[in-house]
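Trainee: I have a model open and would like to talk it through with you. Could we take it one question at a time?

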Amino acid sequence: MNEENEIYEKEEYYWEDRKEAISWLQDALDYVRDEDYDRALMAIEKALRIVEDLAEYLRIKRKKEAKK
């Protein structure tokens, strides 16, 4: 898949991914409050993967816009 297709595909899911990352972070805070640190760490790691994907999407988008 080339970068343009990846950008288009990610554009569709950007807001859903953003909401999912926020939800995982909220879950992590709940787990910490309940002193369930293993689950808190898992939730943080899931949120981090989503945020890393979103950051890559934005880098590609910025790069594409700079070429215009």
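Trainee: How many salt bridges does the protein have?

Mentor: Good place to start, and keep in mind that this is a predicted model. Side chains of opposite charge can pair when their charged atoms come close. Counting Lys or Arg nitrogens within 4 Å of an Asp or Glu carboxyl oxygen, the number of salt bridges is four.

Trainee: Which residue forms a salt bridge with Glu-56?

Mentor: Glu-56 is partly exposed, because its relative accessible area of 37% lies between the 20% and 50% limits. Its partner is also partly exposed, at 44%. The two are three residues apart in helix H2, so about one helical turn separates them. With the closest N and O atoms 3.0 Å apart, the partner is Arg-59.

Trainee: Which residues do salt bridges with shared partners join into one network?

Mentor: Begin with Asp-30 and Arg-33, whose closest N and O atoms are 3.3 Å apart in a salt bridge. Both lie in helix H1, three residues apart, about one turn of the helix. Asp-30 counts as partly exposed at 33% relative accessibility, whereas Arg-33 is exposed at 59%. Glu-56 and Arg-59 are three residues apart in helix H2; the network formed through shared partners joins Asp-30, Arg-33 and Asp-34.

Trainee: How far apart are the closest N and O atoms in the salt bridge of Asp-36 with Arg-39?

Mentor: Asp-36 has a relative accessible area of 26%, so it is partly exposed. Arg-39 is partly exposed too, at 47% relative accessibility. Their salt bridge falls within the 4 Å cut-off, with the closest N and O atoms separated by 3.7 Å.

Trainee: Is Glu-35 buried or exposed?

Mentor: Glu-35 sits in the loop between helix H1 (3-33) and H2. Its phi is near 60 degrees, a positive value in a residue other than glycine. The relative accessibility of Glu-35 is 58%, and the cut-off is over 50%, so Glu-35 counts as exposed.

Trainee: How many helices and strands are there in the protein?

Mentor: You have already met both helix labels: H1 covers 3-33, and H2 covers residues 37-67. There is nothing to add to that list, as the protein has two helices and zero strands.

Trainee: What end-to-end distance do the C-alpha atoms of H2 have, and what span should its residues give?

Mentor: Helix H2 holds 31 residues, and the expected span takes 1.5 Å times one less than that number. That rule gives 45 Å, which agrees with the model, because the end C-alpha atoms of H2 are also 45 Å apart.

Trainee: Which residues make up the largest nonpolar core?

Mentor: In soluble globular proteins, nonpolar side chains tend to be buried together. In H2, the buried residues are Ala-40, Ala-43, Ala-47, Ile-50, Leu-54, Tyr-57 and Ile-60. Several of these belong to the largest nonpolar core, whose nine residues are Tyr-14, Ala-21, Trp-24, Ala-28, Ala-43, Ala-47, Ile-50, Leu-54 and Tyr-57.

Trainee: Which element gives the largest share of this core?

Mentor: Tyr-14 and Ala-47 are among the nine residues of the core. The elements that contribute two or more residues to it are H1 and H2. The largest share, five residues, comes from H2.

Trainee: Which residues does Ala-43 touch, leaving out those up to four places away in sequence?

Mentor: Ala-43 is one of the buried residues of H2, and it belongs to the largest nonpolar core. Taking heavy atoms within 4.5 Å as a contact, the residues that Ala-43 touches are Trp-24, Ala-28 and Tyr-31.

Trainee: How far apart are the C-alpha atoms of Glu-45 and Trp-24?

Mentor: Glu-45 lies in helix H2. With a relative accessible area of 39%, Glu-45 is partly exposed, so it does not meet the under-20% limit for buried residues. Along the chain, Glu-45 and Trp-24 are 21 residues apart, yet their C-alpha atoms are separated by 8.9 Å.

Trainee: What share of the residues of the protein count as buried?

Mentor: The protein exposes about 5600 Å², and carbon and sulfur atoms supply 50% of that area. A residue is buried when its relative accessible area is under 20%. Of the 68 residues, the share that counts as buried is 21%.

Conventions
Residues are numbered from 1 along each chain as its sequence is written. This is a predicted model: local features need pLDDT of at least 70, side-chain atom pairs count only at pLDDT 80 or more; totals for chains, interfaces and linings use all residues. Side-chain values use heavy atoms; hydrogens and water are left out. Helices (H or I, at least four residues) and strands (E, at least two) are DSSP runs, numbered from the N terminus. Buried means under 20% relative accessible area, exposed over 50%, partly exposed in between (1.4 Å probe, protein chains only). Accessible areas come from the Shrake-Rupley method with a 1.4 Å probe; for residues, only the protein chains shown count as cover. A salt bridge is a side-chain nitrogen of Lys or Arg within 4 Å of a carboxyl oxygen of Asp or Glu. A nonpolar core is a set of buried Ala, Val, Leu, Ile, Met, Phe, Trp, Tyr and Cys residues joined through side-chain atoms within 4.5 Å.
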